[in-house]
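Open the complex in your viewer and keep the selection panel handy. We will go from stop to stop, picking one element at a time and looking at what is around it.

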Amino acid sequence: MKSAEGRGRTLDEAVDAALIELNESRRHVDVKILSETASETIVEVTVIDPAAAVLGTTMPAAPANGKGETARGLVEGLLKHMGVRAQVSVRTGADPITLDISGRDLGALIGWRGETLRALQAVTNVMVGKHLAEGERIIVDVERYRQRREHTVREIAMRAARQVKMTGDAITLDAMQPFERRAIHLALEGDPDVTSSSIGEEPERRVVVGPRKSAED
Amino acid sequence: MAGREPHRGAAERIRKAIALVNSVADDAGDEDITPTEIAEAIRDCLELGEVDEAPNVRRYLGEALDAVSDGMPADFVAMTLYAALGALREGGSR
């Protein structure tokens, strides 16, 4: 994948510098902030799907991409009304359609335990709803927060599974959000030695990782 | 942050209703939430007097309850509940 480093006084300047070097538009790149000081911002800009970027200039977008672009436009407008300066991009190859919001000081967009992010996602899905098929949803991620959380809970799941295999005792994990519990169930579903289930009521629902009982037990 | 919140009891109940709705939207696959349970959680919020101490909270909760009854998508119900939570916070910070 093509990438370039950009430097500037602001995030926008740094991204623009890298985009000029790549000869690419914002909608086809992923931006990673490498360092940020009061005087300079350094970013790494990666072309997320060169094929899609080239096709996008000559051919109409694929239907899924069209929905993503519609959602991206709406979220960009929403953020503008909120006075938030951020870049919104459609994550390539993601299913369901995922919007990545990146920029500076976006902690407020994530909120306490991701609450504001969830609210933003709910609003986005309501706004884009008429363009989506039944059951189809848009996922909104800010600075890859959700992706990082999923990665973290999968690590927790693997650690818990190792411990269960060693001790034979079940482990109850902390209360988690539904998408986090789902990530754990998916991470452990193929493990022949452990099983996962959930107990308790929302918002205190927890995953229990325990030994899988064989058919003879 | 939750500890510093005004109207904490009401906020917790609204969060519980939101968690139920999000559970439906995210399809964690580990529980079956019925619209009746969500409606019950919203009614639990409406029972608290705290919801009248901040403007619009009762209205948003009422709209969320109507949305559940009308079979509106989970995201719509969630959005309305988040609006209630936001109104509760704003009302409490005055």
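Start by selecting strand E3 of chain A, residues 41-47. Colour its two faces separately: A:Thr41, A:Val43, A:Val45 and A:Val47 make up the covered face, while A:Ile42, A:Glu44 and A:Thr46 belong to the uncovered one. That pattern is a familiar one, as side chains in a regular strand alternate between the two faces of the sheet. Bear in mind throughout that this is a predicted model.

Now bring in the strands that pair with E3(A). Add strand E1 of chain A, residues 3-8, which runs antiparallel to E3(A) and is joined to it by 6 bridges. To find your place along the pair, look for A:Gly8, which stands opposite A:Thr41. Next add strand E2, residues 29-36 of chain A; E2(A) also pairs with E3(A) in the antiparallel sense, over 7 bridges. Here a useful marker is A:Asp30, opposite A:Thr46. E2(A) and E3(A) make a hairpin, with 4 residues between them.

Zoom out to chain A as a whole. Its 217 residues include 33% that are buried, and the chain has 7 helices and 9 strands. If you draw its contacts between residues at least 6 apart in sequence, 54% of them join residues at least 24 apart.

Select strand E4 of chain A next, residues 86-90. Which of its side chains are buried? A:Ala86, A:Val88 and A:Val90 are, pointing to one face, whereas A:Gln87 and A:Ser89 point to the other and are not buried. Show strand E5, residues 98-103 of chain A, beside E4(A): the two pair in the antiparallel sense through 5 bridges. Within E5(A), A:Ser102 is the bridge partner of A:Gln87.

Step back to A:Arg85, in the loop between helix H3 (63-82) and E4 of chain A. A:Arg85 counts as partly exposed because it has 14 C-beta neighbours inside 10 Å. Try the distance tool from A:Arg85 to A:Leu117: they are 32 residues apart in sequence, and their C-alpha atoms are 16 Å apart in space.

The next stops are about backbone geometry. Most residues other than glycine have a negative phi, and most peptide bonds are trans. Select A:Asp105, in the loop between E5 and helix H4 (107-110) of chain A; its phi is positive, near 50°. Is A:Asp105 buried or exposed? A:Asp105 is exposed, because just 11 other C-beta atoms lie within 10 Å, and the cut-off for exposed is 12 or fewer.

Go on to A:Arg144, in the loop between strand E6 (139-142) and helix H6 (145-167) of chain A. Its phi is positive too, at about 60°. With 16 other C-beta atoms within 10 Å, A:Arg144 is partly exposed. Then select A:Glu202 and A:Pro203 together: the peptide bond joining them is cis, with omega about 0°. You will find A:Pro203 in the loop between strands E8 (194-199) and E9 (206-211) of chain A.

Time to cross over to chain B, where the average pLDDT is 88 and 90% of the residues score at least 70. For the complex, the predictor gives an ipTM of 0.84 and a pTM of 0.71.

Select helix H1 of chain B, residues 8-26. Its 19 residues reach 26 Å from first C-alpha to last, close to the expected 27 Å. H1(B) is mostly covered, with 14 of its 19 residues buried. Just after the helix, B:Asp27 has a positive phi of about 50°.

Now show the meeting of the two chains: 19 residues of chain B are in contact with 19 residues of chain A. On the side of chain B that touches chain A, H1 and helix H4 (74-92) of chain B each supply at least two residues. H1(B) gives the most, with 7 residues. By type, that side of chain B divides into 10 nonpolar, 3 polar and 6 charged residues.

Finish with the largest nonpolar core, which has 54 residues; B:Val21, B:Leu81 and B:Ala84 have the most contacts inside it. H4(B) gives the most to this core, with 12 residues. Centre on B:Leu81: leaving aside neighbours within four places in sequence, it is in contact with B:Ile14, B:Ala17, B:Ile18, B:Val21 and B:Ala64. Apart from this core lies another, of 15 residues, among them A:Val153, A:Ile156, A:Ala183 and A:Ala187.

Definitions and conventions: Residues are numbered from 1 along each chain as its sequence is written. Chains are lettered from A and ligands numbered from 1 in the order in which they are written. This is a predicted model: local features need pLDDT of at least 70, side-chain atom pairs count only at pLDDT 80 or more; totals for chains, interfaces and linings use all residues. The expected span of a helix is 1.5 Å times one less than its number of residues. A residue is buried if 20 or more other C-beta atoms lie within 10 Å of its own, exposed if 12 or fewer, and partly exposed in between; C-beta atoms are placed from the backbone. pLDDT is the predictor's confidence in each residue, from 0 to 100. Two residues are in contact if their C-beta atoms, placed from the backbone, lie within 7 Å. Ala, Val, Leu, Ile, Met, Phe, Trp, Tyr, Cys and Pro count as nonpolar, Asp, Glu, Lys and Arg as charged, and the others, Gly among them, as polar. A nonpolar core is a set of buried Ala, Val, Leu, Ile, Met, Phe, Trp, Tyr and Cys residues joined through C-beta atoms within 7 Å. Two strands pair if DSSP finds at least two bridges between them.
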